[in-house]
Amino acid sequence: MFYNLPVYYLDFFQYYFFEDVAIYYEVMKTAVSFLSGYLFYVFARDYVNRQAAFLLAVFFILFPLHDSVNYLLQNAQYLLIAFGLIVYSHALINNNSLKKGFLMGMLGSFFSYASPPFVWGLSVIFLMKKEYKKFLIFTAPQVIYTLYILIAVKVFTLEKVRTIDSGNFSKLIKQFILQVLTFIDVAIGPSLAVKIYFSILQLSFLSVAIGILIIVLFYKYYGFEKEKFNFHLFCAFSVVTVLAFCMFAVTGYYPQTAFNLGNRVTIYSSLLLAFLAGSFISSNKKAAVIIFSILIFSILGISDHWKDWNKKQKLIADNFAGNRDIISLDASEPLFVSYNQFSKFGEISHIEFITEGVGGHLLKRAAKKDFKISPINKRFYVDNNVLIDRKWEIKFIVKDYINVYDSESDKLLKIEKNKIQNYIDSLPNDNRHWAQLIDNKFINGVIVKLMPRLKYAF
């Protein structure tokens, strides 16, 4: 709450007024994406022509690498809002609306603790143009926000931001190298190719038709004028990307990834990638149509995937609430849920569900009973009378058996203590990165060595 006050009240507003009416949340998500895209378009218009600015805004907002930002309203779309407010602040200050720009910058900075790379990266433009007054006005809200956080942490004894051992220079360097390597992977490497390939496989017939129509309109009406490469934007977006690497290197938790809800971190690097894609499109018509087509079909395929997974989640919740064995179960006993830990994005386990707390909350809400729900998957193991979750180091005392709800077959199972490990071993693998799809000890070894937590995070 104290780190992101505007987000806290925005979420509270929605929960209070929307309650369980899903369509209102969908409208809010759409509004956030459109508003953020428009604010970014206003910013980009100061540096490129209208068509290029529009294309850059569309590419950045809908870039396939950070789909969690677009489809997960709480805990992800705040990144879009914060960035939209910050770029609008930049545009206002750039056009000499200094007071309005400062106030917008205050709102943008306080909207998220993820704002520093955006602010300091874009401030480079003012430095390059030697507009030092504008630089100071643009960055002042971020300085105020930083001071606020330092004071709030001390006064209210808040939990400090997660960091690795900041005094260990070797660790920091390793984490930064990991950020760079994973960025290369998602920018031009296998992760990008796998994401695009599997997203296109998700396309429905309607989405294919819509995609073809958009591509035809793009080919017919987009003016392929050679746009001068904007060095100011390139430098600013590059600095945003590098500062994000530094921020995540310090926390030690988030590599650049194209999959699962953690892909929201690629919103920083997507800014640079969208700019490079847009710049290339303006200079080559044939290549432009190919790149545009790939991106559009990928975006539409990802949209279909999220819609299908949303329907599957609702089906699982309905099945759970209507299962007679579940209804008669004692809510005080631990209840483990297997299968559907993630959505299946081709061979990749993509969007978290049962594996994280939100899945358990949804099932309890559907059943209107306060079950003690936990996932069970291959990251669990049995040690004597204890069932242990490797990732979160949570331990469960096992008596004679455990109750397991098979979310795929809609059955409640009683697994005897001596058969629990065999049951765990029979569960499917959740491959969350392309490296897990190949039997290559070197590749997997390098990843785990650079970031040991990934071994169990995956």
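**Chat about the predicted chain**

Me: How much of the protein chain is buried?
Reply: In this predicted model, buried residues, meaning those under 20% relative accessible area with a 1.4 Å probe and protein chains only, make up 50% of the 458 residues.

Me: What should I keep in mind about the model?
Reply: Local features need pLDDT of at least 70 and side-chain atom pairs count only at pLDDT 80 or more, while totals for chains, interfaces and linings use all residues. Residues are numbered from 1 along each chain as its sequence is written, and side-chain values use heavy atoms, with hydrogens and water left out.

Me: ok, how many helices and strands?
Reply: The protein chain has 19 helices and nine strands, taken as DSSP runs, with helices being H or I of at least four residues and strands E of at least two, numbered from the N terminus.

Me: And why call it as compact as a globular protein of that length?
Reply: Because its radius of gyration, taken over C-alpha atoms, is 24 Å, close to the 23 Å from the globule rule for 458 residues, a rule that multiplies 2.2 Å by the number of residues to the power 0.38.

Me: Switching topic, how do β6 and β7 pair?
Reply: Strand β6 (residues 386-389) and strand β7 (residues 394-397) run antiparallel over four bridges, where pairing requires that DSSP find at least two bridges between the strands.

Me: What stands opposite Leu387, and which residue there has a positive phi?
Reply: Leu387 stands opposite Phe396 in β7, and in the hairpin, with four residues between the strands, Glu393 takes a positive phi near 55°.
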